[in-house]
Amino acid sequence: MRVPMRVWLKAILLFGLMVATPFAIQAMIGRPPRWVDEAPYIPMADYIPSDQTLIYVVGVIGAIAVIFNFLFYRTGLDEIQGWLKLAEREMNVILKGVDASSGKGRAADRIGWWNDITSKSPFSETPDEIFKLNEKDAANRGAPGGKAQITAILLREIYDGDIELAQAKIEAEMIANNGNPPFVVAGLRNILGLDEYLAARNQWIASNANPKPPPPRFRDFGVTWWSLVLAVRLGGFPRDIAMTTGKDPNKTIVKNRAALELLTRV
């Protein structure tokens, strides 16, 4: 997944090209552009640097922009930012599941509705149905909530650039669950190198080599910490995470870091 060039970078390149073009023509043909002769005299022009100085300045700015753009794609920062965007979208899907499965409001509504009925049949099966629905909501609350929490923990470490700590969290969960990895959203799996690590680990377990090589280390997989930090800082992450808390009319929307802190609060 490729991320388009940042708007401000496009603007710098376009501005530098626009300003440098007439001076580049002057340098090549030895005469100023025609619009320079026809331009009115402005006293402020006396304080403008010389053409040669402007060419140097614009050239340096353009070179920096081109080098940055080259490094941005060469080091995979665009790919990492694409994975981060994907992870945040997956996180929002999970958070919608948490909101939809919170169930407390619906459970109270069902009980209140039943209590408001004045003529109740003693043989009615409605209370049993209400109980079953509330039990179902309570069971559903656990799964998406757990997914949201583990995803929030991993995202928090990723945004801080501590990829090894996020990998250590996954390893701890695997130890506690007989080697089974926890739920990890798409995007984070790529950043952490989870699938590659699991494949290498399974291959090592199945190996019959004698002597057996040392097991693969999780920290040898995934992106580098410095490229992750650059991708996070330049991309302004987190930026698209949103969750709702409370119930109408006091429902509020919590975003990004605040949402992660709320989900990881013990």
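## Backbone and burial in a predicted helical chain

The protein chain has 11 helices and 2 strands, where helices (H or I, at least four residues) and strands (E, at least two) are DSSP runs numbered from the N terminus. This is a predicted model, in which local features need pLDDT of at least 70 and side-chain atom pairs count only at pLDDT 80 or more, while totals for chains, interfaces and linings use all residues. Residues are numbered from 1 along each chain as its sequence is written, and side-chain values use heavy atoms, with hydrogens and water left out.

Along the sequence, the elements of the protein chain follow the pattern α-α-α-α-α-α-α-α-α-α-β-β-α. Of its 266 residues, 29% count as buried; buried means under 20% relative accessible area, exposed means over 50%, and partly exposed lies in between, computed with a 1.4 Å probe and protein chains only. The chain exposes about 17200 Å², of which carbon and sulfur atoms supply 61%, with accessible areas taken from the Shrake-Rupley method with a 1.4 Å probe and, for residues, only the protein chains shown counted as cover. Among contacts (heavy atoms within 4.5 Å) between residues at least 6 apart in sequence, 68% join residues at least 24 apart.

### Helix H7 and the loop after it

Helix H7 covers residues 163-176. At 1.5 Å a residue, its 14 residues should span 20 Å, and its end C-alpha atoms are 20 Å apart, which agrees; the expected span is 1.5 Å times one less than the number of residues. The buried residues of H7 are Ile163, Ala166, Gln167, Ile170 and Met174. Seen down the axis of H7, these buried residues fall within an arc of 100 degrees, so they line one face of the helix, the arc being that of the directions from the helix axis to the C-beta atoms. On the other side of H7, Ile175 and Ala176 are exposed.

### Backbone exceptions

Most residues other than glycine have a negative phi, and most peptide bonds are trans. The table lists two residues that have a positive phi although neither is a glycine.

| Residue | Phi | Place | Relative accessibility |
|---|---|---|---|
| Asn178 | about 55 degrees | loop between H7 and H8 (188-192) | 77%, exposed |
| Asn256 | about 50 degrees | helix H11 (residues 256-264) | 17%, buried |

Two peptide bonds are cis: the bond from Asn210 to Pro211 has omega near 0 degrees, and the bond from Phe237 to Pro238 has omega near -5 degrees. Pro211 is placed in the loop between helix H9 (194-206) and helix H10 (225-235), whereas Pro238 is found in the loop between H10 and strand S1 (242-245).

### A surface patch and a buried threonine

Trp225, Trp226 and Leu230 make a nonpolar surface patch of about 350 Å². Patches are made of residues with over 30% relative accessible area and no salt bridge, with like charges joined within 9 Å and nonpolar side chains (Val, Leu, Ile, Met, Phe, Trp, Tyr) within 5 Å; a salt bridge is a side-chain nitrogen of Lys or Arg within 4 Å of a carboxyl oxygen of Asp or Glu. Trp225 has its place in helix H10 and is exposed, with a relative accessible area of 56%.

Thr264, in helix H11, is buried, with a relative accessible area of 12%. Not counting residues up to four places away in sequence, Thr264 touches Gln149, Ala152, Ile153 and Arg156. Thr264 and Thr151 are 113 residues apart in sequence, and their C-alpha atoms are 9.4 Å apart in space.
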